[in-house]
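Here are a few friendly notes to read alongside the model. Have it open and rotate it as you go.

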Amino acid sequence: MATYPVSAVTESTGIAGQSRNSFTNRFKLDFMKSWDDHVHTGTVVASHIAKKKGTMGGFESIGEVVTSLPQSAGIAKFEGFNLPTPRVGESINPKLHARDIYSRLRWTGQVERAARGGDKYAWKQPRQKDIKDADIQFRLNFARMLYLGPYQPMATVASFNDGTNVATLYSRNARRSSSDDLWKFGSHYLRVNMAVDYILAQGAAVQLTDTPTVALATTNGAECYITAIDNSDLSAPTITLSGHDEANDPADEAIIIPFHSRRGGALNTDLGASDITQYAGVNGLMQIATDATIYSYLYDLARSSNPTLNGLRNRDAGGAPRSFQEDLITLAVDNIADNGTGDEPTMLLCHRAVRREYLKENKGDRRFKEIQTEKGFGQLVFHAGDALLPVVTDRDCPPGVMFVLKESDYGWL
């Protein structure tokens, strides 16, 4: 027999004649349609940088990129001089490794059959509902990886209470451009029931390439997962962990990563940055569009030996926050066009917090009609010479940064 979470109702009793209290057993329960989910399901980044460009296959996918043209061409010479010494161009071979992203669901025959009578018996069909929700969560996780890259540092721990298993996280406002502070996202990327792991700090410094603390085996085994998230104090959000390594608590500067997102080994053993096959995550903007101080290798190639693989990263040298300046966008666009292949970018990608700073700087330049009938703003577009760059906002974009991108340079195989 089905049971429902019926709230207790205080009735008036002792009324002569038929009352609601005496008629209770003849009333039916009214089941409304499902209300809106209390989950933000919107994703933006994938539609701009993960458009399908082909299919991968074989052991690995290898490309070829020209980094230098023949330097024995176009040489001015005097009469009687020898022709230029042949100097060939140079190229590199970037590599792509396939990544696998899984979804797993389970339901029993009993729940399937119990709901087969339609909306008289259930709000949703179990299989249909689970598949739909799993697809949404898949897209959310994929979007997160398209930002964070293979290391996937989803949050940074500030302190840990061993008695309550509660970890206090650094807030999003604590995020800075230095490598230690770059991953302070609060609890934005975390969810209740999410299986996680963590990388301990060494010498008060974030370790991006160390092995996980909990998941040392390749089998599932015991998982560390989040049982509660408290955002009541956004300056110090907390998460409660179950199954963490009691001997190695996630202390200050430890980073939270997805469970089984990298290979295991001895605790605090460096997996290294050169072998990207040690990490399960897909390539992302924090890896591709940054430089060697964050991800020292890209496409299996050392950025120190291949400087054209570095993104043009403009930041304060000490990692201190600085006020937004529109001139920095102009500088970025010009640097990309001058120091890249000559093509101009096509979009600006940022968090809404950065868009507010963009508006703030330009607020004094707005002009209204004689009779003001509208306020606010429409689609923002930055005009730099011949380039029209729409300002695209995404809640998953790390705050305090603006990506200046050419969409056609990105794709998904």
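**Notes on a helix and its aromatic neighbours**

1. Let's start with two rings: Tyr147 and Phe403 are both buried, where buried means under 20% relative accessible area, exposed over 50% and partly exposed in between (1.4 Å probe, protein chains only). This is a predicted model, in which local features need pLDDT of at least 70, side-chain atom pairs count only at pLDDT 80 or more, and totals for chains, interfaces and linings use all residues. Residues are numbered from 1 along each chain as its sequence is written, and side-chain values use heavy atoms, with hydrogens and water left out.

2. The structure holds 10 aromatic pairs. Rings of Phe, Tyr and Trp (its six-membered ring) pair if their centres lie within 6.5 Å; planes under 30 degrees apart count as stacked, over 60 as edge-to-face and the rest as tilted. Tyr147 and Phe403 make a tilted pair, 6.3 Å centre to centre with 35° between the planes. Tyr147 is in helix α3 and Phe403 in strand β16, 256 residues apart. Helices (H or I, at least four residues) and strands (E, at least two) are DSSP runs, numbered from the N terminus.

3. How far apart are the centres of the Tyr151 and Tyr279 rings? They are 5.0 Å apart with planes at 65°, so this pair is edge-to-face. Both Tyr151 and Tyr279 are buried.

4. Ring pairs also join Phe138, Phe142 and Trp412 into a cluster.

5. Just after α3 comes Gly149, with a positive phi near 80°.
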